[in-house]
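These are my notes from looking through one structure. I went from the surface to the side-chain pairs.

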Amino acid sequence: MPFNIDPENASAELQLEIIEMQCCLKQLFLNSTKLDFYRALLKAEFPKIIAHAQKVMAIFASSYVCEQTFSTMKLRENSIRNRLTEEHLFSLLKVASTQVEPAFENIMEKSKTIPYASHT
């Protein structure tokens with residue numbers, strides 16, 4: 001929170017950037033989300049504050065992904081599904097945590113053109 005800190009209490013490398021930010025950008029900070037605020041900062045003017053903000057945001061983002069994945073695993077691995085192997089759990093987690101959307105239309109089109117193999 002760059003507006004809640006006394007620049008004298010900040011590290012020497014951040015002091016000038018904090019002073020500049022507190023003088024000129026308080027309205028932007030109040031009128032936008034924190035992520036949008038830091039995206040709007042010019043890297044040439046606030047390189048150290050941007051780098052610090054990225055480190056802090058990365059901590060929360062990676063913690064969120066870990067917690068979400070752990071919750072997904074615990075939902076999949078229960079007493080009813082006690083026969084799941086590590087390989088099955090890994091595959092389920094991979095599908096549950098991906099951001100990729102399957103191209104169902106393409107898959108269905110390809111399946112129409114490929115004749116079914118006989119199982120003899």
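I looked up V56 first and found a relative accessibility of 34%, so I logged V56 as partly exposed. The model is a predicted one. I placed V56 in helix α4, which runs over residues 47-76. I then checked what V56 belongs to on the surface: together with I59 and F60, V56 forms a nonpolar patch. I noted about 300 Å² of accessible area for the three residues together. The cut-off for patch members is over 30% relative accessible area, and V56 at 34% passes that cut-off.

Next I turned to charged pairs. I found one salt bridge in the structure. The partners are R39 and D36, whose side chains meet at 3.7 Å, N to O. The cut-off for this contact is 4 Å. I located both R39 and D36 in helix α3, residues 34-40. They are three residues apart there, about one turn of the helix. I also looked up the exposure of each partner. R39 has a relative accessible area of 62%, so I entered R39 as exposed. D36 has 38%, so I entered D36 as partly exposed.

Last, I looked for aromatic pairs and found one. The rings of F37 and Y38 have their centres 5.1 Å apart and their planes at 80°, so I recorded the pair as edge-to-face. The angle cut-off for that label is over 60 degrees. I checked burial for both residues: F37 is buried, and Y38 is buried too.

Notes. Residues numbered from 1 in each chain as written. Predicted model: local features only at pLDDT ≥ 70, side-chain atom pairs only at ≥ 80, totals over all residues. Heavy atoms only, no water. Phe/Tyr/Trp six-rings, centres within 6.5 Å; stacked < 30°, edge-to-face > 60°. Buried < 20%, exposed > 50% of the residue type's maximum accessible area, 1.4 Å probe, protein only. Helix = DSSP H or I, 4+ residues; strand = E, 2+ residues; numbered from the N terminus. Patch = residues over 30% accessible without salt bridge, like charges linked within 9 Å, V, L, I, M, F, W, Y side chains within 5 Å. Areas by Shrake-Rupley, 256 points an atom, 1.4 Å probe, with all protein chains shown as cover.
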